[in-house]
Amino acid sequence: MPSEQVGTDMSPARHPIHFGFMATVGVGFALLVYFVLINVGALLAWIAAALFIALGLDPIVRWLERKGLPRPAGVIIVVLILAGLVASFISTLIPTIVNQTTQIVANAPRYVDDFLNSAFFQSVDEQFQVRERIDAELAKFFANSENVTGIFGGVLGVGSAVLQGAFGALIVLVLTLYFLASLPALKIWAYRLAPRSRRQQVQRLSEEISSSVGSYVIGQACVALINAAVAFVAMTIAQVPFTALLTFVVALLAFIPLIGAVIAGALVSLVALTVSWQTAALFAVIYFAYLQIEAYFVSPRVMQRAVAVPGAVAVIAVIAGGSLLGVLGALMAIPVAASVMLLLKDVFIVRQDRA
């Protein structure tokens, strides 16, 4: 018996070579995984975005299935509607947005001159000589050839980022189509990875999570569209310039829960200040008053089918998701937090109550 214990003892003290070899293999495998994640990080983000969009469109496809349409026909209809909306957006809003963006860039020197010649800046400049310091710093900056080269490289970097973003959008759309068409088969395959004794529970939790994520995506899209419509009306009433461009920006930011609409309102208010403080005040009163209505009446009704997340958890999730994956992480943060809370409630807490 003692000889068997010695023979089966794999402690580091008795087998240092084996332990060192396995530790080296483990470190090497960890480095390999890190290398793969670093180099395919963009692809993983595209896959996550496509799956997120597919889960959001899946409730519409299932609704069409309940109306008697086969799933392939439902997927084609949803994709055609989505493609039509994107095409109409590109054909109508993009030229206006490009035109207004060009106007902003062209008028930027005039805006700067107006600000520098304003009474507020003149009073500050008389006390602190701000203009002389700004001119000195600009002259020093452009005197350095490395800074000029860095600006040129930054312009090239922006162009490269635009091309990469367009390619990523195409990949996301293609993956969304495949995920949406094969989502039931993917779920069945994933359920079989769970042990047979727990497969039914895994299936129930997965269906509940996917349903809540789909409801959240559709609800957030509706809230963002309503938010952008209200912002458009408020900007039209207050006569804020560049309405189409700013409405597009508001719609994008409104997709970010909790903080996106506030950032959008502050941004549009700053642009309105270039006209007058009365214009900015009128827009801010209308828009931020709507945000209170949205928080207490619109969002609860639209999001009633999604899993509720406490406010503190939602804020932490959005900040963490934004830090990890940027805008995509902020968009996915609340559904992921809701899924984690559901798993804790139905798995961990139930297990703890039985213990």
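Let's start with helix 11: its buried residues pack against helix 8 (199–238), helix 9 (243–254) and helix 10 (260–272). Keep in mind that this is a predicted model.

Which residues of helix 11 are buried? They are Thr279, Ala280, Phe283, Tyr287, Tyr290, Leu291, Glu294, Val298 and Ser299. Glu294 is worth a second look, as helix 11 bends by about 55° at Glu294.

Now for the aromatic rings. How many aromatic pairs does the structure hold? There are two, and here they are:

| Pair | Arrangement | Centre to centre | Between the planes |
|---|---|---|---|
| Phe283 and Tyr287 | stacked | 5.4 Å | 10° |
| Tyr287 and Phe288 | edge-to-face | 5.7 Å | 80° |

Take the stacked pair, Phe283 and Tyr287. These two residues sit four apart in helix 11 (residues 277–302), so about one helical turn separates them. Both of them are buried, too.

Next comes the edge-to-face pair, Tyr287 and Phe288. Are these two buried or partly exposed? Tyr287 has a relative accessible area of 0%, so it counts as buried. Phe288 is partly exposed, because its relative accessibility is 29% and buried means under 20%.

Put the two pairs together and you get a little chain of links: ring pairs join Phe283, Tyr287 and Phe288 into a cluster. Tyr287 takes part in the stacked pair with Phe283 and in the edge-to-face pair with Phe288.

Technical notes
Residues are numbered from 1 along each chain as its sequence is written. This is a predicted model: local features need pLDDT of at least 70, side-chain atom pairs count only at pLDDT 80 or more; totals for chains, interfaces and linings use all residues. Side-chain values use heavy atoms; hydrogens and water are left out. Rings of Phe, Tyr and Trp (its six-membered ring) pair if their centres lie within 6.5 Å; planes under 30 degrees apart count as stacked, over 60 as edge-to-face and the rest as tilted. Buried means under 20% relative accessible area, exposed over 50%, partly exposed in between (1.4 Å probe, protein chains only). The bend at a residue is the angle between axes fitted to the seven residues ending there and the seven starting there. Contact means heavy atoms within 4.5 Å.
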